Amino acid sequence: MNELEHPIGSGVELNLIPVACAMCGSAETKETPVFEGYDYEYRTCDNKFQFVACADCGHVYLSPRCKVQDIDRIYPDSLMRSSAEAYRVSGLARWLKRSVFDRKWMRKVLANLQDGSRVLDIGAGSGSQLVFLAERSPDNSLFYANELQFDDPARESLLARGMVILEGPIEEIDIQVRFDAIVCVQVLEHVVNPRDVLRWIANHLAPGGILFIETPDLSAPTRYLFKGHWGALAFPRHFHLFSRKALADLAIDNGLVIDSHYGVSAAAAWTLSFRNRFGMNAATKHIGIQRIFGYKNVFMLTIFTLVDWILMLCGCSTSNQVLIVRKPSNAVS
């Protein structure tokens, strides 16, 4: 079976539509492809997708892409559940991520909190990240979880912990709360209009509030190594790819001040890139040689992490970037 014969969702052909650049509004008549590929990971459809570069501002985005009303078709619940085991990392890797890497990036977020602070996680998923923050935050802090739609177990778990649920696209949610910290991890690349999202965030940060963004880094040299199989592309679920400059400019344009901007280890992106290249998908069982590129292979995850650290020491980008920005303390709330 070759990579274009999809064992999951075989025969599904989505109706794709061309879109204008969300950054500058330009609608190019002559497409400039940057990446081309298929839904290697979940095989939800047989379409060939492409990321194009805007001729006016250079922003890289997916076009054509599925209609908004078809988004559920590229995030099928049954498929995500059936492949969950294949993408579950080992207990040791999960512990290291939480105890070392997550604790490191959370320092600046937690340092910005005091009793009664309000914290929002955009794209909270199962809520594990927000729970981790809550367990280390000052007393009486209030936590808000946003997702397009939570599944029942996640919703019940978050509500049981006293967290506020905000369902729907964040830019469409009408709420008067001003947040002391907003976390947006691996979300901005998925949204329809990043400018609208950043505008909403800037308007809902309290003066002095902090925003933590993690998203793929278009500047990463691994994009040239893997090309259309690069894991950060995630056809067709990623709509946007940001260079460091493009992401920084987006924040600055919304009146936010850069605190720090750096690359982070993205071992999983290496693993996914190799899986894409060798024709493996989310349903591929971890047997034989395929275990080499499984998420339970702590040895390979360690190797990929070390490679990323070497890249960072050499001043190179990795597949993921982190941008931490603040709303000026003298800004009008």
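This passage describes a pocket, a surface patch and some backbone features of a predicted model.

The second largest pocket of the model was examined for its volume and its lining. Rolling a probe the size of a water molecule over the atoms shows where empty space is left. The space in the second largest pocket amounts to about 230 Å³, and 15 residues line this pocket. Among these lining residues, Met 23, Cys 57, His 59, Ala 246 and Asp 249 lie nearest the centre of the pocket. Helix α8, which runs over residues 244-253, supplies five residues and thereby the largest share of the lining. When the lining of the second largest pocket is sorted by residue character, eight residues are nonpolar, four are charged and three are polar.

On the surface of the model, a nonpolar patch is formed by Phe 299, Ile 303, Leu 306 and Trp 309, and the accessible area of these residues together is about 390 Å². Trp 309, one of the residues of this patch, is placed in helix α10, which covers residues 298-313. The relative accessible area of Trp 309 is 40%, and Trp 309 is therefore classed as partly exposed, because this class lies between the cut-offs of 20% for buried and 50% for exposed residues.

The backbone was then considered. Most residues other than glycine have a negative phi, and most peptide bonds are trans. Against this background, a cis peptide bond is found between Ser 63 and Pro 64, with omega about 0°, and Pro 64 is located in the loop that lies between β4 (60-62) and β5 (65-66). A cis peptide bond also joins Phe 235 and Pro 236, where omega is about -5°, and the position of Pro 236 is in the loop between α7 (222-226) and β11 (240-241).

Positive phi values in residues other than glycine occur at Arg 43, where phi is near 55°, and at Ala 234, where phi is near 45°. Arg 43 belongs to the loop between β2 (33-37) and β3 (49-53), whereas Ala 234 is found in the loop between α7 and β11, the loop in which Pro 236 is also placed. Are these residues buried or exposed? Arg 43 has a relative accessibility of 2% and so counts as buried, and Ala 234, with a relative accessible area of 15%, is buried as well, because the term applies to residues under 20% relative accessible area.

Conventions: Residues numbered from 1 in each chain as written. Predicted model: local features only at pLDDT ≥ 70, side-chain atom pairs only at ≥ 80, totals over all residues. Heavy atoms only, no water. 1 Å grid on protein atoms, 1.4 Å probe; cavity = no way out; pocket = protein on both sides within 12 Å on 5 of 7 lines; lining within 4 Å. Points joined across faces, edges and corners; volume = space filled by probe spheres on them. Helix = DSSP H or I, 4+ residues; strand = E, 2+ residues; numbered from the N terminus. Nonpolar A, V, L, I, M, F, W, Y, C, P; charged D, E, K, R; others polar. Patch = residues over 30% accessible without salt bridge, like charges linked within 9 Å, V, L, I, M, F, W, Y side chains within 5 Å. Areas by Shrake-Rupley, 256 points an atom, 1.4 Å probe, with all protein chains shown as cover. Salt bridge = Lys/Arg side-chain N within 4 Å of Asp/Glu carboxyl O. Buried < 20%, exposed > 50% of the residue type's maximum accessible area, 1.4 Å probe, protein only.
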